[in-house]
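Please open the model in your viewer and keep the sequence panel beside it, since this tour moves from one selection to the next and says at each stop what is there.

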Amino acid sequence: MAEKVTAFAPASIGNVAVGFDMLGLAMDGVGDRVAAERVDSPGISVANVYGLDGEIHPYLSSDPDHNTASIAAKALWNDYGDDAGVELSIYKGVPLQSGMGSSAASAVAAAVAVNELLGTPLPVEQLLAYALVGEQYASGGLHADNVAPSLLGGLVFCPPVLLPEVVRLPVPTGVSAALIHPELQVNTAHARKKLAQGYSLDQWLSQQGYMGGFIAACASNDIDLIGKTLKDVIIEPQRAAAVPCFAAVKEAAERNGALGFSLSGSGPSLFALCRDHDAANVATAMEQACRGMGIDCQSFVSTMSARGAHIEE
Ligand code: HSE
């Protein structure tokens, strides 16, 4: 059995506009890494957490009870571990409080790495429950719309009522995601607490229609229907004001041919789904609009079939 392994888990777009807490999309090329190494001291410990610059992370805790990666790893270790222990090193690639599933990526990478170190007692799908324990610590709610796509890749339907069961959805060909991360932070746990608790029948009917239509559109490769259904009439109106560049970036995305646009998770990241050939232009236009509001940002373009978490050689 290996003495040390490293797992990569991708960033993700939570909610995907239409499915609050129940739809998530993995992102290509950006994610967290967790290295897990066998040590003699029992249980799960954290050696260090490294930031995007490779330096020790200024904010994230290496206390194993206060880090999503070690919390997920501990849950798995409690069920399948032995008398020895595992030391984690966490390499953040996903910016914190970005709406790109940062806490989920760490939790997923840790669960995948520790499972590998234990000789893979569990198939990947069953790691979801453990990664969720870590994610719940960070976000204050039980939702898998970041953890599930980060673990499994692609587009995943994961309504809380079905957890830990989730459904991998077919993705349309010819559609990509363009995302910008404005240099702002939104705390998901705080953003969730501010949401209204009661909604009207009209809102419920609209959102059900959009979500069902969007899933059907993805399955049937109906790109026009994606454009008609990628909408959030319930959560986005409550959260958009927390991202000052929201309206300008949305206008830029739509002017450049985006099929639909919304917040990624609780924001501040903003995403659009677009035809593949429009994606680079849409990302550039979104970036320019954001900078035009005086807010620095980074952009990413991703396929809708990004690979999920995996062990790196
Ligand atoms: N579904 C969660 C929310 C995702 O919107 O609060 C957070 O990234």
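## First stop: the loops

Begin by selecting Pro268, which lies in the loop between strand 8 (260-263) and strand 9 (270-275); helices (H or I, at least four residues) and strands (E, at least two) are DSSP runs, numbered from the N terminus. This is a predicted model, in which local features need pLDDT of at least 70, side-chain atom pairs count only at pLDDT 80 or more, and totals for chains, interfaces and linings use all residues. Residues are numbered from 1 along each chain as its sequence is written, and side-chain values use heavy atoms, with hydrogens and water left out.

Add Gly267 to the selection, and you have the two ends of a cis peptide bond, with omega near 5°. Another cis peptide bond joins Leu163 and Pro164, with omega about 10°, and Pro164 is found in the loop between strand 5 (155-157) and strand 6 (167-169).

Then select Asn15, in the loop between strand 1 (4-14) and strand 2 (23-39), where phi is near 75°, a positive value in a residue other than glycine.

## Second stop: a cavity

Keep Asn15 selected and add Ala17, Asp232, Ile235, Glu236, Ser262, Leu263 and Gly265, which together line the largest cavity. On a 1 Å grid over the protein atoms alone, a cavity is a set of points where a 1.4 Å probe fits but cannot get out, a pocket is an open set with protein on both sides within 12 Å along at least five of seven lines, and lining residues have an atom within 4 Å of a point. The volume of the largest cavity is about 50 Å³, a volume being the space filled by probe spheres set on the points, which are joined across faces, edges and corners. The lining of this cavity divides into 3 nonpolar, 3 polar and 2 charged residues, where Ala, Val, Leu, Ile, Met, Phe, Trp, Tyr, Cys and Pro count as nonpolar, Asp, Glu, Lys and Arg as charged, and the others, Gly among them, as polar.

## Third stop: three helices

Now select helix 2 (residues 102-117) and helix 3 (residues 128-139), which pack at an angle of about 150° with their axes 8 Å apart; axes are lines fitted to C-alpha atoms, for helices over the stretch in contact, and angles run from 0 to 180 degrees between N-to-C directions. Helix 2 is therefore roughly antiparallel to helix 3, a term for angles over 145 degrees. Ser103, Ala104, Ala107 and Val108 in helix 2 meet Ala131, Gly134, Glu135 and Ala138 in helix 3, contact meaning heavy atoms within 4.5 Å. By class, this contact has 5 nonpolar, 2 polar and 1 charged residues.

Add helix 1 (residues 68-80), whose axis comes within 7 Å of that of helix 2 and crosses it at roughly 35°. Among the residues of helix 1 in this contact are Ala69, Ala73 and Trp77, while those of helix 2 include Ser106, Ala110 and Val114. The residues of the contact divide into 9 nonpolar, 4 polar and no charged.

Helix 1 also packs against helix 3, at an angle of about 145° and with the axes 7 Å apart. Ile71, Ala75 and Tyr80 are among the helix 1 residues that take part, and Tyr130, Val133 and Tyr137 are among those of helix 3. This contact holds 10 nonpolar, 2 polar and 1 charged residues.

## Last stop: the largest pocket

Which residues lie nearest the centre of the largest pocket? Select Gln97, Ser102, Ser103, Ala138 and Thr188 to see them, out of the 35 residues that line the pocket. Helix 2, helix 3 and helix 5 (188-193) are the elements that give two or more residues to this lining, and the largest share, 4 residues, comes from helix 3. About 590 Å³ of space lies in the pocket, and its lining residues divide into 9 nonpolar, 20 polar and 6 charged.

Key: Angles under 35 degrees count as roughly parallel, over 145 as roughly antiparallel, 65 to 115 as roughly perpendicular and the rest as oblique.
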